[in-house]
Amino acid sequence: MKDSQSPKNIAVIFAGGTGRRMRTVSKPKQFLELNGKPVIIYTLELFDNHPEIDGIVVVCLNDWIGYLDKQLNKFGISKVGAVVAGGQTGQESIYNGLVAARETYGENCNVLIHDGVRPLITDLTISDNIEAVNRHGSCITCVPATETVVVTCTDGPMKIPSRADTIIARAPQSFRLPDILGAHEKARAEGRNDFIDSCTMMSHYGHPIHTVIGPMENIKITTPTDFFIFRAMVEVHENQQIFGF
């Protein structure tokens with residue numbers, strides 16, 4: 001039983017991309033279907049079914065909000081408390097989602113910011129994020145680097161960090177709501193709209209960043225190849241349920 005003073009755990013799902021690299025014409029990538037179910041629904045089901053998640057906010061392309069509402073009803077997604085339109089940039093879209101989380105659920109929240117096109121996370125990843133935020137105030141889901149990373153520098157030679165010391169940031173990226181909203185407010189006051197993601201913004205404004213290691217299959221569906229990998233992984237999971245392997 002959750003204590004009344006404990007923060008709520010709110011998923012803020014970003015589904016505002018247009019999918020140019022996917023080269024789709026009729027639908028944005030988050031609404032592409034596999035076995036009759038949109039990618040965004042696969043993602044939302046993971047949070048909707050997780051016992052520690054108290055609510056969900058979805059940031060959606062404005063023209064697709066009506067379609068998303070129909071899909072939420074069709075697939076029985078019950079924890080979505082707000083669907084809001086995205087902004088001109090990814091940073092602005094996430095800000096819109098965070099403001100909606102505060103308006104819907106109050107200040108005392110942990111927020112798990114996640115891409116709508118990352119449908120292959122696990123219950124354990126979500127639980128690990130919640131535990132890390134409660135303990136440290138922040139959490140970035142990462143995976144180990146499996147190839148050499150080269151850092152190019154305009155004012156000096158390139159750098160090649162040790163692969164053993166290199167991890168790759170993915171999602172969820174999770175924070176206490178007042179902390180991440182405060183960082184966004186500072187960025188807006190400074191006219192900054194170029195932060196690539198939430199952990200970059202939080203690090204810039206002096207917040208310590210903690211990490212958890214998530215599954216390698218936690219990919220972002222950005223290209224047709226990613227979609228084929230997603231389809232293969234869904235088939236593997238279905239076979240595991242049917243045949244027990």
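**Exercise 1. A histidine and its surroundings**

Leaving aside neighbours within four places in sequence, which residues is His 184 in contact with? Determine also whether His 184 is buried or exposed.

*Solution.* The model examined here, and in every exercise below, is a predicted one. Begin by locating the residue: His 184 belongs to helix α5. Next, set aside the neighbours within four places in sequence, and the contacts that remain for His 184 are Gln 91, Ile 94, Tyr 95, Leu 98 and Met 201. Finally, consider accessibility: the cut-off for a buried residue is under 20% relative accessible area, and His 184, at 3%, therefore counts as buried.

**Exercise 2. The largest nonpolar core**

Identify which members of the largest nonpolar core touch the most other members, and state which element gives the most residues to this core.

*Solution.* The general expectation comes first: in soluble globular proteins, nonpolar side chains tend to be buried together. In this model the largest nonpolar core holds 29 residues, and those touching the most other members are Val 12, Val 57, Leu 98, Val 111, Leu 177 and Ile 180. The elements that supply two or more residues to this core include the strands β1 (8-15), β4 (55-60), β5 (80-85), β6 (109-115) and β7 (138-144), together with the helices α3 (90-105), α5 (177-189) and α6 (198-204). Of these, α3 gives the most, with seven residues.

Leu 98 can then be taken as a worked case. Once residues up to four places away in sequence are discounted, Leu 98 touches Val 12, Val 111, Ile 113, Leu 177, Ile 180, Leu 181 and His 184. A second core, separate from this one, has 24 residues, among them Ala 15, Ile 53, Ile 65 and Ile 126.

**Exercise 3. The partners of β7**

Establish how strand β7 pairs with β8 and with β9, and find the residues that stand opposite Cys 142 in β8 and in β9.

*Solution.* Take the β8 side to begin with: β7 and β8 run antiparallel and are joined by six bridges, and within this pairing Cys 142 stands opposite Ala 169. Turning to β9 (residues 211-213), the pairing with β7 is in the parallel sense and extends over three bridges, with Ile 213 as the bridge partner of Cys 142 in that strand. As for accessibility, β7 is mostly covered, since six of its seven residues are buried.

**Exercise 4. Three salt bridges**

Describe the salt bridges of Arg 102, Asp 115 and Glu 131, and relate each to the accessibility of the residues involved.

*Solution.* The principle is that side chains of opposite charge can pair when their charged atoms come close. The model contains six salt bridges, and three of them are worked through here, including that of Arg 102.

1. Arg 102 is bridged to Glu 107, with the closest N and O atoms 3.9 Å apart; Arg 102 is partly exposed at 29% relative accessibility, and Glu 107 is partly exposed at 42%.
2. Asp 115 is bridged to Arg 118, with the closest N and O atoms 2.8 Å apart, and both Asp 115 and Arg 118 are buried.
3. Glu 131 and Arg 135 meet in a salt bridge at 3.1 Å, N to O. Because these two residues lie four places apart in helix α4, about one helical turn separates them. Glu 131 is partly exposed, with a relative accessible area of 42%, whereas Arg 135 is exposed, at 59%.

**Exercise 5. Backbone exceptions and a surface patch**

Locate the cis peptide bond and the non-glycine residue with a positive phi, and then name the residues that form a nonpolar patch on the surface.

*Solution.* Most residues other than glycine have a negative phi, and most peptide bonds are trans. Against that background, the peptide bond from Ala 171 to Pro 172 is cis, with omega near 10 degrees, and Pro 172 is part of strand β8. Asn 35, although not a glycine, has a positive phi of about 55 degrees; Asn 35 occupies the loop between β2 (33-34) and β3 (37-38), and is exposed, with a relative accessible area of 59%.

For the last step, the surface patch is formed by Val 150, Met 158 and Ile 160, which together have about 290 Å² of accessible area. Val 150 lies in the loop between β7 and β8, and at 42% relative accessibility Val 150 counts as partly exposed.

Definitions and conventions: Residues numbered from 1 in each chain as written. Predicted model: local features only at pLDDT ≥ 70, side-chain atom pairs only at ≥ 80, totals over all residues. Heavy atoms only, no water. Core = buried A, V, L, I, M, F, W, Y, C linked by side-chain atoms within 4.5 Å. Buried < 20%, exposed > 50% of the residue type's maximum accessible area, 1.4 Å probe, protein only. Contact = heavy atoms within 4.5 Å. Patch = residues over 30% accessible without salt bridge, like charges linked within 9 Å, V, L, I, M, F, W, Y side chains within 5 Å. Areas by Shrake-Rupley, 256 points an atom, 1.4 Å probe, with all protein chains shown as cover. Salt bridge = Lys/Arg side-chain N within 4 Å of Asp/Glu carboxyl O. Pairing = 2+ DSSP bridges.
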